Amino acid sequence: MLKKTNPWVREANLIGGQWVGADNGAVIEVDNPATGEIIGTVPNAGRAETKRAIEAAHAAFPAWAARTAAERGAVLHRLAGLIRDNVDALAELLTLEQGKSLAESKGEVMISAAYVQWFAEEARRIYGDVIPSPWANRKILVTREPVGVAACITPWNFPSSMISRKVGAALAAGCTVVVKPAELTPYSGLAWGVLAAEAGVPDGVVNIVTGTAAPIGDEFIENPLVRKLTFTGSTPVGKMLASRAIANMKRVSMELGGNAPFIVFDDADIDRAAEQAVLSKFRNSGQTCVCTNRFFVQSGVYDAFAEKFAKAVGALKVGNGLEPGVAQGPLINAKAIDKVAAHVADATAKGARVIAGGTRHPLGGTFWSPTVLRDATPDMRIASEETFGPVAPLFRFETEEEAVRLANSTEYGLAGYFFTRDLARAFRVAGALKYGQVGVNEGLLTTEVAPFGGVKDSGFGREGSKYGVEDYLDMKYVCIGGL
Ligand code: ADP
């Protein structure tokens with residue numbers, strides 16, 4: 001159950017500085033994926049509440065945008081400190097609604113704070129230009145202005161840090177926001193609102209609505225006061241929302257699905273590759289968009305890598321994320337585990353061999369035993385579909401050219417990883433991979449200082465880094481004449 005003593009628990013929506021329920025009092029139930037227990041309810045808001053939240057954000061916009069960058073930064077600095085100071089309570093809440101291990105939840109809360117702090121610092125570095133003029137009597141200035149109200153849709157796999165990555169940048173730029181957290185994990189999002197208010201974010205600058213996705217999304221897309229839509233989630237929903245938002249000429253950024261390759265060359269440090277493979281595949285039980293989906297291992301090291309990797313995976317402790325030592329929590333819901341089961345069944349029917357896990361975990365529910373499959377082939381569903389779960393298929397390859405071709409043979413392009421000790425190959429392959437993010441001898445890349453984002457069906461726009469603010473800024477050219 002939720003601890004009512006946790007000061008960051010809120011079961012209401014934040015609209016214009018007021019904590020309110022849905023107009024008709026409707027709620028959605030939220031469960032703990034580790035136990036199936038209903039931990040509480042949050043408002044099931046719809047279009048009308050969303051419209052009011054947008055209007056509140058619009059009303060708050062001029063005053064927030066008019067604050068100096070240093071003032072906006074100071075508020076964000078306070079917020080980052082508050083998030084860090086309350087990491088334990090926030091992490092427990094995150095694990096309760098999401099399932100990931102407490103250690104991972106703490107990591108997510110700390111990166112959430114890191115994003116906010118980063119953008120607190122970036123607020124003061126939103127520069128313009130003075131362009132050398134072709135006219136003697138005119139000056140040319142380029143300024144950057146906040147786009148206005150930003151609508152932010154976030155997913156359930158990182159319910160805290162995805163909000164920081166979007167809203168931190170938006171607030172630094174001078175935008176105001178309406179956030180729709182995922183209905184499966186709304187508490188971390190609502191907690192973000194409580195923390196923001198405590199940090200001194202003015203009423204109406206951050207608004208949060210929970211409820212049924214489609215009507216909230218429709219209002220975001222059709223309301224002319226919304227000038228920007230930022231979405232993290234699945235590719236089909238992202239494409240649908242992006243096309244409609246663009247038809248209404250809104251700025252759009254999309255962080256969508258992935259199908260990350262992880263290539264191990266014969267010349268790699270196999271111990272390191274196996275260790276990084278575990279991190280890259282099994283973080284959040286495989287439920288991240290940058291998690292490796294396909295392992296490509298060169299013939300000469302295939303058996304050695306498979307053995308080391310399977311051994312490490314077999315040692316992962318599965319259980320309720322709140323228990324000490326647990327590395328792998330449950331999957332988010334029944335649909336998620338059904339997909340994992342279907343991918344494993346399909347792969348084994350087509351000749352894959354299970355060398356770790358392979359079945360539902362004895363704990364039942366949505367727990368799956370971390371799985372490694374040998375002898376995977378391109379005709380298996382797991383080769384082309386994102387499993388989003390704790391299953392690692394190992395494909396075999398012979399040449400570098402073949403590895404790159406296989407790695408790129410997907411419509412996705414979010415993150416890719418490869419392991420080699422050959423310097424020339426490191427540069428060649430890093431250049432050849434059609435991905436927005438590439439790890440060379442690294443299986444985990446995400447940091448607030450680097451640009452996160454994809455190419456192809458993985459979307460567009462970048463979050464974090466100095467580029468993350470740009471998605472919330474319009475450029476204005478000012479010509480000063482008659483000089
Ligand atoms: P996943 O498969 O990871 O749940 P989704 O794309 O369905 O991915 O969900 C990501 C986010 O998008 C969630 O906050 C979800 O509520 C939201 N979402 C899903 N469908 C819509 C929609 N039609 N309009 C707006 N938001 C949506």
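Helix 8 gives the most to the lining of the largest pocket, contributing six residues, and this element is a convenient place to enter the structure, which is a predicted model. Helix 8 spans 235–247, and among the other elements that each supply at least two residues to that lining are helix 7 (213–222), strand 10 (226–232) and helix 11 (334–349).

The space within the largest pocket comes to about 1,100 Å³, and 41 residues line it. Those that lie nearest the centre of this pocket are Trp156, Gly233, Ser234, Val237 and Lys335. When the lining of the largest pocket is sorted by class, 20 of its residues are nonpolar, twelve are polar and nine are charged.

From here the reader may turn to the second largest pocket, which holds about 280 Å³ of space. It is lined by 16 residues, and the ones closest to its centre are Ile111, Phe158, Ser161, Arg283 and Thr446. Two helices, helix 4 (102–122) and helix 5 (161–173), each supply at least two residues of the lining of the second largest pocket, and it is helix 4 that provides the largest share, with five residues. The classes in the lining of the second largest pocket are divided into nine nonpolar, three polar and four charged residues.

To trace both sites on the model, one can begin at Trp156, Gly233, Ser234, Val237 and Lys335 for the largest pocket, and then move to Ile111, Phe158, Ser161, Arg283 and Thr446 for the second largest pocket.

Terms used
Residues numbered from 1 in each chain as written. Predicted model: local features only at pLDDT ≥ 70, side-chain atom pairs only at ≥ 80, totals over all residues. Heavy atoms only, no water. 1 Å grid on protein atoms, 1.4 Å probe; cavity = no way out; pocket = protein on both sides within 12 Å on 5 of 7 lines; lining within 4 Å. Points joined across faces, edges and corners; volume = space filled by probe spheres on them. Helix = DSSP H or I, 4+ residues; strand = E, 2+ residues; numbered from the N terminus. Nonpolar A, V, L, I, M, F, W, Y, C, P; charged D, E, K, R; others polar.
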